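Student: Please take a close look at one part for me: the place where the ligand sits. Start with the overall layout, then go in.

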Amino acid sequence: MRIDILTLFPGMFPGYLNESILQKAQDLGQLEVHLHNIRDFAAGKHHVTDEPPFGGGGGMLLKPEPIFDAVESLILRQAQDKVFNLQSSEEKDQRLKIEDMPIILLTPQGRPFSQTIAQELSQHERLVLLCGRYEGVDERVRQHLVTDEISIGDYVLTGGELAAMVIVDAVTRLLPGVLGAEGAAETDSHATGLLEGPHYTKPAQFREWTVPEVLRSGHAANIARWRREESLRRTWQRRPDLLLTAELDEADRWFLGKLAGENS
Ligand code: ADE
């Protein structure tokens, strides 16, 4: 996957991108991140990127022209690649890829980010992430340029950069081979619609606290059942709202009924 990030502060990214799993994903050739400074697309000697809003009110807004120019330069380059590639045999695949480039504005007004959206985004060949700053962006960017708007939570950050990093991280760990063990992402909290239950490692006894017997029993079916029930218990205690949409079977419902009975 190739991710293009448009920001006024490209220097914020390398520290996070060049460590651990994200670096590994780049080494594996699964992830390519291209950082673009919006200021480079701003005209004039002073490369102005922001202006006060028409009609007054506090704060500054990102101007539309540098953002349109930055995004359009990416689209144009992609179209040039397309013309080049159409001469090859993979014409159909290439045509698919051109249309397959969501342009996402990070903003507290966007749709709430979730594991489902991370999965959806991980299916694309390319993503463009546009980091807002100041009071926001000129409305014409929303109306005529971006194809999606995402928020990472109901709080206001000083800009979209951290939100972009959150998205890059959540999406990258879903790309093939990035987490090592096949299927490692499939049991994550939220991937199953439930929170994960508790995990333990060595030592079996630490101070006076011991690891549950069942986990040391070697009995695969009992361990799987215990994990499922602890995952249900944790979800029931902490995020009961998730139980409304999680896929539950007969045994899950029986266990939840038992929990409710014990706590009534
Ligand atoms: N920019 C500022 N706050 C944000 C948020 N909560 N999510 C995404 N982008 C943002």
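Tutor: The domain assignment, automatic or from a database, splits the chain into domain 1 (2–172) and domain 2 (189–262). Their centres, taken over C-alpha atoms, are 38 Å apart. The model is predicted: local features need pLDDT of at least 70, side-chain atom pairs count only at pLDDT 80 or more, and totals for chains, interfaces and linings use all residues. Residues are numbered from 1 along each chain as its sequence is written, and side-chain values use heavy atoms, with hydrogens and water left out.

Now the ligand. The ligand sits in the largest pocket. A pocket is found on a 1 Å grid over the protein atoms alone: it is an open set of points where a 1.4 Å probe fits, with protein on both sides within 12 Å along at least five of seven lines. To sit there, a molecule needs more than half of its atoms within 2 Å of the grid points.

Who surrounds the ligand? There are 13 residues around it, and T107, I152, G153, Y155 and L157 come nearest. Being near takes a heavy atom within 4 Å. By class, this shell has eight nonpolar, five polar and no charged residues. Gly counts as polar here, while Tyr counts as nonpolar.

β5 (103–112) and β7 (148–151) are the elements that give two or more residues to the shell. β5 gives the most, with three residues. Strands are DSSP runs of E, at least two residues long, numbered from the N terminus.

Next, the polar contacts, which are pairs of N or O atoms within 3.5 Å. A nitrogen atom of the ligand lies 2.9 Å from a polar backbone atom of Y155. For G153, again with a polar backbone atom, the distance from a ligand nitrogen is 3.1 Å. For a polar backbone atom of T107, it is 3.2 Å. Taken alone, the ligand exposes 260 Å², and the protein buries 96% of that. Such areas come from the Shrake-Rupley method with a 1.4 Å probe.

Notes
Polar contact = N/O pair within 3.5 Å; in protein donor to acceptor, adjacent residues only side chain to side chain. 1 Å grid on protein atoms, 1.4 Å probe; cavity = no way out; pocket = protein on both sides within 12 Å on 5 of 7 lines; lining within 4 Å. Helix = DSSP H or I, 4+ residues; strand = E, 2+ residues; numbered from the N terminus.
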